[in-house]
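Q: Please take one part of this model and examine it closely, step by step. I should like to see how its pieces fit together and what lies around them.

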Amino acid sequence: MARPSKLRVAVSDPAQWLSERERAQMLAPKLRALADETRLSLILLIAQRPRTVKELQEATGLSQTLVSHHLAPLREQNLVEAIPKGRSNQYVMCCQTLAEPLRMFASLAAMDPETVAACLHTEADQPSTAQGA
């Protein structure tokens with residue numbers, strides 16, 4: 001009996017086949033799901049490591065109902081996934097490649113205004129001065 005071969009799927013860069021507007025339209029619902037302070041707290045906790053609803057409750061002080069309510073939009077936007085584990089679900093990031101950018105983005109909140117300004121204005125952004133002009 002022949003063994004089935006594995007199907008390989010190549011993921012292409014959306015920039016090659018979507019316009020900026022189309023990508024923005026696809027991204028907006030995901031950003032809306034993250035825009036809520038409670039949901040952002042939950043996903044940052046999940047970005048650290050997989051968590052159960054009970055662990056999220058303990059970390060945030062929210063009720064089980066409220067944690068579940070806020071996890072729903074994150075699941076709907078495929079930002080987190082519920083994986084059955086025993087009698088409960090463990091929530092994990094949709095992909096680990098999203099966890100690091102989220103943590104880095106969240107670190108902006110701890111930056112003072114001078115640090116933020118320095119990030120926005122690098123030497124490459126400065127107009128070059130012509131010598132001898």
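A: Two residues are said to be in contact when heavy atoms of theirs lie within 4.5 Å of each other. With that meaning, Thr 52 is in contact with Ser 88, Asn 89 and Gln 90, when its neighbours within four places in sequence are left aside. The model discussed here is a predicted one. The part chosen for the close look is the sheet to which Thr 52 belongs, since Thr 52 lies in strand S1.

The sheet is open and has 3 strands in the order S1-S3-S2, with antiparallel pairing. Its edge strands are S1 (51–52) and S2, each of which pairs on one side only. On one side, S1 and S3 run antiparallel and are joined by 2 bridges. In this pairing, the partner of Thr 52 is Gln 90 in S3, and Gln 90 is also among the contacts of Thr 52. Thr 52 counts as buried, because its relative accessibility is 16% and the limit for a buried residue is under 20%.

On the other side, S2 (residues 80–85) and S3 (residues 88–93) also run antiparallel, and 6 bridges join them. One of the paired positions is Lys 85, whose bridge partner in S3 is Ser 88. Ser 88 is also one of the residues that Thr 52 contacts. S2 and S3 form a hairpin with 2 residues between the strands, and in this hairpin Gly 86 takes a positive phi near 65°.

The approach to S1 deserves attention next. Pro 50 has its place in the loop between H2 and S1. Pro 50 is partly exposed, because its relative accessible area of 34% lies between the limits of 20% and 50%. Beyond its neighbours within four places in sequence, Pro 50 is in contact with Glu 55, Gln 90, Tyr 91 and Val 92. Pro 50 and Val 80 are 30 residues apart along the chain, and their C-alpha atoms are separated by 9.7 Å.

From the sheet one may pass to the nonpolar residues around it. Ile 46 touches Val 80, Tyr 91, Val 92 and Met 93, and its list of contacts beyond four places in sequence also includes Arg 51, Leu 56 and Leu 71. Ile 46 and Met 93 are among the residues with the most contacts inside the largest nonpolar core, which has 18 residues; the others named for this are Ile 43, Leu 56, Leu 71 and Leu 74. The elements that give two or more residues to this core are helices H1 (20–34), H2 (37–48), H3 (53–60), H4 and H5 (96–106), together with strand S3. H2 gives the most, with 5 residues.

One of these helices, H4 (residues 64–76), also holds His 70. His 70 is buried, because its relative accessible area is 10%, which is under the limit of 20%. Apart from neighbours within four places in sequence, His 70 is in contact with Asp 36, Thr 38, Arg 39 and Leu 42.

A final point concerns confidence in the prediction. The chain has a mean pLDDT of 81, and 74% of its residues reach 70 or more. Confidence is highest in H3, at a mean of 97, and lowest in helix H6 (residues 113–120), at 70.

Conventions. Residues numbered from 1 in each chain as written. Predicted model: local features only at pLDDT ≥ 70, side-chain atom pairs only at ≥ 80, totals over all residues. Heavy atoms only, no water. Helix = DSSP H or I, 4+ residues; strand = E, 2+ residues; numbered from the N terminus. Buried < 20%, exposed > 50% of the residue type's maximum accessible area, 1.4 Å probe, protein only. Pairing = 2+ DSSP bridges. Core = buried A, V, L, I, M, F, W, Y, C linked by side-chain atoms within 4.5 Å. pLDDT = per-residue confidence, 0-100.
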